[in-house]
Amino acid sequence: MESLPSLRRCLLAQCRRPSRPLSPLYLDFLAPTAVRAQRRHASTGTSGGTKPQYTLSKKQREFLESALRVNQAGEIAATLIYTAQTPQIVRSHPHLRPLMKHMYDQEAGHLKIFNGLVAKHQVRPTAMYPLWEVAASFLGWSTAALGREAAMACTEAVETEIGSHYNDQVREILSWEADAVRRGEELDDELKEMLSIFRRIRDEELEHLDHAVANDSKEAKPYDPLVDVIRLGCRTAIKISERI
Ligand SMILES: [Fe+2]
Ligand SMILES: [Fe+2]
């Protein structure tokens with residue numbers, strides 16, 4: 001598993017990239033229609049598959065760019081939350097070490113995937129990264145300081161928002177797939193693969209949510225204000241990262 005510092009270095013390198021050069025990597029399904037058609041013609045001289053390929057509108061491409069930006073930001077936040085929580089939780093509850101490691105490892109895997117997709121599709125990472133880094137580390141540290149139940153309530157709140165966010169993205173891409181079927185077209189293979197990645201990660205986030213509830217997240221005191229504030233913070237961070 002790649003270490004967190006190297007994943008963060010990768011993210012920061014992307015943040016420092018000054019412009020969006022038209023590299024071969026940009027010539028993918030997120031590229032404008034004219035560029036895609038040119039590429040297909042140059043490479044095969046045909047549309048490539050047995051069915052015509054579904055072409056994304058400008059709005060759909062913007063949706064994907066914003067989804068990749070938010071997902072990368074969310075995963076860096078998740079790795080930082082678990083990094084900040086783990087030492088305190090494991091010190092007082094050693095039996096939770098395997099669970100904390102399992103959840104961290106999955107988050108680091110998600111982050112690696114989105115670092116790759118963001119770089120490949122030349123998506124601008126969120127400019128809010130430094131603020132999210134501080135906020136996520138503080139959230140992890142402070143909830144772990146309140147105890148195991150509060151740390152698990154934090155996981156419950158974060159995963160509820162992130163899981164439903166991934167679910168919205170899956171639903172949106174499925175609606176494009178249904179539209180493509182109606183037109184006798186099919187989605188780009190890369191987009192189909194992205195859909196299956198989003199589905200798998202959504203399921204893993206919901207698995208974290210189940211672990212949190214199984215480990216007494218509901219026993220946190222005060223449960224309601226803590227979970228409400230964290231969920232509101234997540235929703236706000238998502239909205240901001242979609243644009244900035
Ligand atoms: Fe994740
Ligand atoms: Fe998660």
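Two residues are in contact if their C-beta atoms, placed from the backbone, lie within 7 Å. By that criterion, in this predicted model, residues 24 or more positions apart account for 86% of the chain's contacts with a separation of 6 or more.

**Whole chain**

Begin with the entire chain in cartoon representation. The chain holds 8 helices and 0 strands, and from the N terminus on the order of elements is α-α-α-α-α-α-α-α. Of its 244 residues, 31% count as buried.

Next, colour by pLDDT. The mean for the chain is 81, and 80% of the residues reach 70 or more. Select residues 14-27, where pLDDT stays under 50 and the model has 12 contacts beyond four places in sequence. Then select residues 41-48, another stretch with pLDDT below 50, which has 5 contacts in the model beyond near neighbours in sequence. Where pLDDT is low, the predicted coordinates should not be read in detail.

**The annotated binding sites**

Show E75, E107, H110 and E205 as sticks; an unreviewed UniProt entry places the feature "binding site" at these residues. Although they span 131 residues in sequence, no two of their C-alpha atoms are more than 10.4 Å apart, so the four gather at one spot.

Now add the second set. The UniProt record (unreviewed entry) also gives "binding site" at E107, E159, E205 and H208. This set spans 102 residues in sequence, yet no two of its C-alpha atoms are more than 11.3 Å apart, so these residues too gather at one spot. E107 and E205 are listed in both sets.

Centre the view on E107, which lies in helix α4, residues 97-120. Is E107 buried or exposed? It counts as buried because 25 C-beta neighbours lie inside 10 Å, and 20 or more are required for that class. Leaving aside residues up to four places away in sequence, E107 touches E75, A78, T79 and Y82. One of these contacts, E75, is itself annotated in the set with H110.

Move to E205, in helix α7, residues 189-214. With 27 C-beta neighbours inside 10 Å, E205 is likewise classed as buried. Which residues does E205 touch, not counting those up to four places away in sequence? They are E159, I162, G163 and Y166. E159 is also annotated, in the set with H208.

**Helix α5**

Select residues 129-146, helix α5. At 1.5 Å a residue, its 18 residues should span 26 Å, and the end C-alpha atoms are 26 Å apart, so the two values agree.

Colour its buried residues, A136, L139, G140, T143 and A144. They cover an arc of only 115° around the axis, which puts them on the same side of α5. Rotate to the other side, where P130, L131, V134 and A145 are exposed.

What do the buried residues of α5 pack against? Display α3 (58-92), α6 (148-182) and α8 (223-243), which are their packing partners. Just past the helix, G147 follows α5 with a positive phi near 125°.

**Backbone details in the loops**

Most residues other than glycine have a negative phi, and most peptide bonds are trans. The last stops concern departures from that pattern.

Go to Q122, in the loop between α4 and α5. Its phi is positive, near 55°, in a residue other than glycine. Q122 is classed as buried because 20 other C-beta atoms lie within 10 Å.

Continue to the loop between α7 and α8, where D216 is found. D216 is not a glycine either, and its phi is positive, near 70°. With 13 other C-beta atoms within 10 Å, D216 counts as partly exposed.

P222 is in the loop between α7 and α8 as well. Display the peptide bond that joins K221 and P222: this bond is cis, with omega about 0°.

Conventions:
Residues numbered from 1 in each chain as written. Chains lettered and ligands numbered in written order. Predicted model: local features only at pLDDT ≥ 70, side-chain atom pairs only at ≥ 80, totals over all residues. UniProt positions renumbered as here; feature names shortened; annotations may be inferred. Helix = DSSP H or I, 4+ residues; strand = E, 2+ residues; numbered from the N terminus. Buried ≥ 20, exposed ≤ 12 C-beta atoms within 10 Å, placed from the backbone. Expected span 1.5 Å × (residues − 1). Arc of directions from axis to C-beta. pLDDT = per-residue confidence, 0-100.
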